[in-house]
Amino acid sequence: MGSTGVQWQGWVVIVALLCAVLLPLEAAATPQPVRDYLLLGGATDEPTPHRSCTPQMLHGPRQTLEIPAPAGGWSGQPQALDVFNVFAGEVMIRHAAREICGNMGDARTRDSRFRAGIGIVIVPPAGSAEPIVVSWATPLKERWGPTLRLGAPSPVQQRDTARLLVRAACLAVALALALSALMGFFSARDRLFLIYVGVCAVFMVWQSVLSGLSGYPEPWFPVDVDSAWWLVGLTACAQAVLLPVLWRLNVGDRHWPRWRRTWAMLSCGLVLVALLVPWMDWTMLGWTADILQAAHITGCVAALLAGVWAWSRGERWAAIGLIAVAPFLLMIVADLARAQWLLAHRVESLQLSTTWLLMMAAYALNQRLGKLREQRDEMRQLADTDSLTGLPNRRAGLRQLGAQIARATDEGTPLVIGFLDIDLFKEINDHHGHETGDAVLVAVAAALRGSVRSREEVFRMGGEEFLLLLPGASRAVAAGRLEQIRRKISEAGTALQVPGLQVTVSIGLAQWRPDQDDLAGLLRRADHAMYGAKRAGRDRVMDGDQLDAGSAA
């Protein structure tokens, strides 16, 4: 009967295991409805954004380009045209009866298939010779005209999306650097970090208007039809911070401090220009753009010369400035050489160069933060170190003793301290002079430092008194170590080779009693034991507990 019961129970267990395995498999094999979807928005009667051109949009000086059909006419396949690097005004694109207008300040006015430019997709009839007509506002400066790309919709749109990603990434990096600098300010309380945050903010706004992201996906910055004025004004503000930063990164501020006023006046002048921009007409705006370009070239060349001069004299920090100014110099040379790649990628080049500058400035700030922390650590170490012996002082000793008491209490490990006093130290000073007294203190400190495992186990408490921490050692082990230290100090005194000098110490030993002591009580017992050693004849180690037991007897 017993055997049958065991077999029955075994079959029950086997059946239960099979059910546990097969039932989930069966459930998984049966399709289950998915209920974790999310539907946002709703039906709308809003028409697809499309804006026809009006005479008001096309007023002012403009340039027009006709893109002819290829030889033999259009193929009949879809054609995409993307117009980008447009810094001001409306862009008009017309083919046959279809005409659209759009601007970079409002993405809602543009074909949603194009994110970094104004584009259109058309399907000309096969064999048609109707040209594509493009019109844009006359640029403020030479070589600042738009770039047009014609081709199949997919590659044209992919390149357009890639430009948007680069432009947005530059803004994201600038934002991340600004937030990092803000955290650095809270850590170091250095106003230079706040200045860097302000610089990042200026560059982010300027990049947003330059790249058209101020109007994407909807306008969040009031550019509208005045984008040229906004761009020139913000460029002046950007130059007001960019040129001094380049000068400082190239160590010019350190080697030529008298130029600080010149750079400050230049920055103030550029800010004043930015404030006057709204009252400028189109011609004056163009002159201002030329002046800003000349100031940019002059500032970059001055920063380059300062960096090269400093680097030639072994100033390693100049390397950061030279690396930061390199992209701007490359753009200046490419512009003078009339390089086509700069025309096609001017916005991205400007943004990448500015982002690179911000990254180099952030690196310099991080180096400064590290230096500030090193200085703080050095000051803290100086405040906690005895200047004569090089040992940690009384404040450091009390702090470390408190930490060791807490550790011993939490872990239940023993803790013994030794309170040491040089015997007859006043007589040493009186008979042999204070220089010999200082030499004795240094020799005792050296002997103590060589007898412990860590710098945080021996401290000069003041005068001729020293504190030893012996964590983890039992009373018997600690007494043996203190006895060795006592003999080592006597040998160190003999090694000074001063006639008639004898150096001995009295050491009081006390063990931490978790239920009876506090920090002051532990020190008091060690000090009491040290005086007991002196009363017993000096040059010895006295156990505080044994002294208390003898007194009680």
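1. A word on labels before anything else: helices (H or I, at least four residues) and strands (E, at least two) are DSSP runs, numbered from the N terminus. With that in hand, Leu424 can be placed in the loop between β8 and α12 (425-432). Please keep in mind throughout that this is a predicted model.

2. Staying with Leu424 for a moment, its phi is positive, about 50°, although the residue is not a glycine. For context, most residues other than glycine have a negative phi, and most peptide bonds are trans. Is Leu424 buried or exposed? Neither label fits: a relative accessible area of 38% makes Leu424 partly exposed, because buried means under 20% and exposed means over 50%.

3. Val251 is another non-glycine residue with a positive phi, here near 65°. Val251 sits in the loop between α4 and α5 (252-255). Its relative accessibility is 4%, so Val251 counts as buried. If you go through the backbone by hand, have a look at Tyr216 and Pro217 too: the peptide bond joining them is cis, with omega about -5°. Pro217 belongs to the loop between α3 and α4.

4. Now the sheet. It is open and built from five strands, ordered β9-β10-β8-β11-β12, with mixed pairing. Which strands stand at the edges? They are β9 (458-462) and β12 (540-543); each has a single partner strand, so one side of each has no neighbour in the sheet. From one strand to the next, the twist averages 25°.

5. Strand β8 (residues 415-422) has two antiparallel pairings worth checking. With strand β11 (residues 505-511) it pairs over seven bridges, and Ile422 stands opposite Val505 of β11. With β10 it is likewise joined by seven bridges, again running antiparallel. Here Phe419 has Leu467 in β10 as its bridge partner.

6. On its other pairing, β10 runs antiparallel to β9, and four bridges join the two. One of the facing pairs is Gly462 with Glu465 in β10. β9 and β10 form a hairpin with two residues between the strands, where Gly463 takes a positive phi near 60°. How enclosed is β10, and why? Six of its seven residues are buried, so the rest of the structure largely encloses this strand.

7. Two helices pack on this part of the sheet. Helix α13 (residues 434-449) lies across β8, β9 and β10 and runs at about 160° to β8. Helix α11 (residues 394-411) touches β8, β9 and β10 (465-471) as well, and its direction makes about 130° with that of β9.

8. α11 also meets helix α15 (residues 519-535): the two axes come within 10 Å and cross at roughly 110°. These helices are therefore roughly perpendicular to each other, since the label covers angles of 65 to 115 degrees. On the α11 side the contact uses Leu398, Leu401, Gly402 and Ile405, and on the α15 side Leu519, Leu522 and Leu523. By class, that contact has six nonpolar residues, one polar and no charged.

9. Next, the nonpolar cores. The largest holds 53 residues, and the ones touching the most other members are Tyr196, Phe203, Trp206, Leu246, Leu357 and Leu358. Helices α2 (153-188), α3 (191-211), α4 (227-249), α7 (282-312), α8 (318-336) and α10 (346-383) each supply at least two residues of this core. Which residues does Leu357 contact, leaving aside neighbours within four places in sequence? They are Phe203, Leu242, Val245, Leu246, Leu249, Ala324 and Phe328. There is also a second, separate core of 29 residues, with Phe425, Ile428, Ala447 and Ala492 among them.

10. Last, a residue in the loop between α10 and α11: Ser387. With 76% relative accessibility, Ser387 counts as exposed. If you want a quick distance check, try Ser387 and Arg487, which are 100 residues apart in sequence and 25 Å apart in space, C-alpha to C-alpha.

Notes
Residues are numbered from 1 along each chain as its sequence is written. This is a predicted model: local features need pLDDT of at least 70, side-chain atom pairs count only at pLDDT 80 or more; totals for chains, interfaces and linings use all residues. Side-chain values use heavy atoms; hydrogens and water are left out. Two strands pair if DSSP finds at least two bridges between them. Axes are lines fitted to C-alpha atoms, for helices over the stretch in contact, and angles run from 0 to 180 degrees between N-to-C directions. Contact means heavy atoms within 4.5 Å. Buried means under 20% relative accessible area, exposed over 50%, partly exposed in between (1.4 Å probe, protein chains only). A nonpolar core is a set of buried Ala, Val, Leu, Ile, Met, Phe, Trp, Tyr and Cys residues joined through side-chain atoms within 4.5 Å. Angles under 35 degrees count as roughly parallel, over 145 as roughly antiparallel, 65 to 115 as roughly perpendicular and the rest as oblique. Ala, Val, Leu, Ile, Met, Phe, Trp, Tyr, Cys and Pro count as nonpolar, Asp, Glu, Lys and Arg as charged, and the others, Gly among them, as polar.
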